[in-house]
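Student: I should like to examine a model together, working from its overall arrangement to its individual side chains.

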Amino acid sequence: MLFSELKCKSVINLKDCKCLGKVGDLEFDECSGQICALIIPGGNKFFNLFDTGPEFVIPYKNIKKIGPDIIIVDICC
């Protein structure tokens, strides 16, 4: 799967069924090249000046399913 395909998917939390947003970036291990976490940017930014929400860093172990349209994760917010 390409990163461009992954970042189009909505991320849904299994605990409360809320949409956390869309994938903004990935964190990976430089030595192994494995993905460590998904980074979901917080809220809407107005010209990159005002951040209206928290950024979510979701460890890879908390990803439960990657489907055609959504990614289901299990985290406590």
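The discussion below takes up the fold, the core and the surface.

Tutor: This is a predicted model, in which local features need pLDDT of at least 70, side-chain atom pairs count only at pLDDT 80 or more, and totals for chains, interfaces and linings use all residues. Residues are numbered from 1 along each chain as its sequence is written, and side-chain values use heavy atoms, with hydrogens and water left out.

Student: Which pattern does the chain follow along the sequence?

Tutor: Helices (H or I, at least four residues) and strands (E, at least two) are DSSP runs, numbered from the N terminus. The chain has 1 helix and 9 strands. Read along the sequence, the pattern is α-β-β-β-β-β-β-β-β-β.

Student: How many residues make up the largest nonpolar core?

Tutor: Such a core is a set of buried Ala, Val, Leu, Ile, Met, Phe, Trp, Tyr and Cys residues joined through side-chain atoms within 4.5 Å; buried means under 20% relative accessible area, exposed over 50%, and partly exposed in between (1.4 Å probe, protein chains only). Its members include Leu-6, Ile-58 and Val-73, and the full count is 11 residues.

Student: Is Phe-28 buried or exposed?

Tutor: Phe-28 lies in strand 3 (residues 25–28). Its relative accessible area is 52%, so Phe-28 is exposed.

Student: How many disulfides does the count come to?

Tutor: A disulfide is a pair of cysteine sulfur atoms within 2.5 Å. Cys-17 is exposed at 63% relative accessible area, and Cys-19 is partly exposed at 49%. By the distance rule, the count is 0 disulfides.
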